[in-house]
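Got the viewer open? Load the model below and keep the selection tool handy.

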Amino acid sequence: MNDFTYVDYEVADAVATITLARSEKANAQNERMLDEVDHRFRTAEYDDEVKVIVLRGEGKHFSAGHDLGGSPDSDSAGLQEEDGSWQLHKIYRWEARKYLGYSWHWRNIPKPTIGAIQGKAIAGAFNLIFPLDLLVVADDVEFSDPVVLMAVGGVEYHGHTWEFGARRAKDILFTQRTMGAEEAHQIGLAREVVPRDQLWERTHQIAAQIATNNAFGLAQAKRAVNQTLDTQGYYAALQSVFDVHSTGHGNAISVGGYPILMRLDEMKENINREP
Ligand code: ZN
């Protein structure tokens, strides 16, 4: 891959920075963007000069999630049958590769990864965020996963229960409420909260400090924690909840003929309602 449309990349002082660069669409993810993000993660992974990887998003919002706009460059445009129908096995295979598969790869890159998160981080944004090791958040951050509105039980990468705890995960999924910076910090999701205009600078400060360490030591520290989670069932849980997620798409296809039960415009109206 030589042409990059939706992602910028730079390396400086042993830190690789991957930047989502589709701010005119609030960094909504389509297939091409995910391919580019994965490609850049691989570049950073195999570059011996890189010791730490930062993921950030240009503009007001980190990511509005999957691009459900229905345009040719939306996230699943190629999956629909010629007669307009949808088949679950194709969605399943595609999401296993592009969502769970990519996210699982990023989670296991043997280098520290840091997310700089601002504004809205909705649903599919969690497929980018949960796999990261540390998060620095802006004071305006709003995490949410409102996909129960579409009759799906949460996004493809189910970090929720691990990251939020069981009751808070249910609350956030049931009510579609947002989690702000203070709460994210309080539960340990965010390492720290900074003013929006200092987000990138502060994130790079942390990345640069971590990059002064021995690369193998960092890799082994990451692996020690990840292995502990996996021994507790993290990997097996992700896989089985992915299947739960897929029954949401299957049900929606069988009931309404479309992989989600509510279209984007309706969802946007609901997203702003008070619980
Ligand atoms: Zn899905």
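Here is a short walk from the metal site to a neighbouring loop residue.

Before you click, note that this is a predicted model, where local features need pLDDT of at least 70, side-chain atom pairs count only at pLDDT 80 or more, and totals for chains, interfaces and linings use all residues. Numbering runs from 1 along each chain as its sequence is written, and side-chain values use heavy atoms, with hydrogens and water left out.

**Stop one: the zinc ion.** Select the zinc ion, then show Glu95 (listed twice, through OE), Glu156 (OE), His245 (NE2) and His249 (NE2): these protein donors lie 2.0 to 2.3 Å from the metal. Donors here are N, O and S atoms within 2.8 Å of the metal (3.2 Å for Na, K and Ca); water is not among the atoms, so sites may look incomplete. Along the chain, the donors are spaced E-x60-E-x88-H-x3-H. Now pick out Glu156 and His249, which sit 93 residues apart: Glu156 is in the loop between β7 (142-144) and α4 (160-164), while His249 belongs to helix α9 (residues 234-256). Helices (H or I, at least four residues) and strands (E, at least two) are DSSP runs, numbered from the N terminus.

Buried or exposed, what is Glu156? Glu156 is buried, at 4% relative accessibility, and His249 is buried at 6%. The cut-offs are under 20% relative accessible area for buried and over 50% for exposed, with partly exposed in between (1.4 Å probe, protein chains only).

**Stop two: Asp145.** Stay in the loop between β7 and α4 and select Asp145, which is buried with 0% relative accessible area. Show its contacts (heavy atoms within 4.5 Å): beyond four places in sequence, Asp145 touches residues including Ala123, Phe126 and Ile172.
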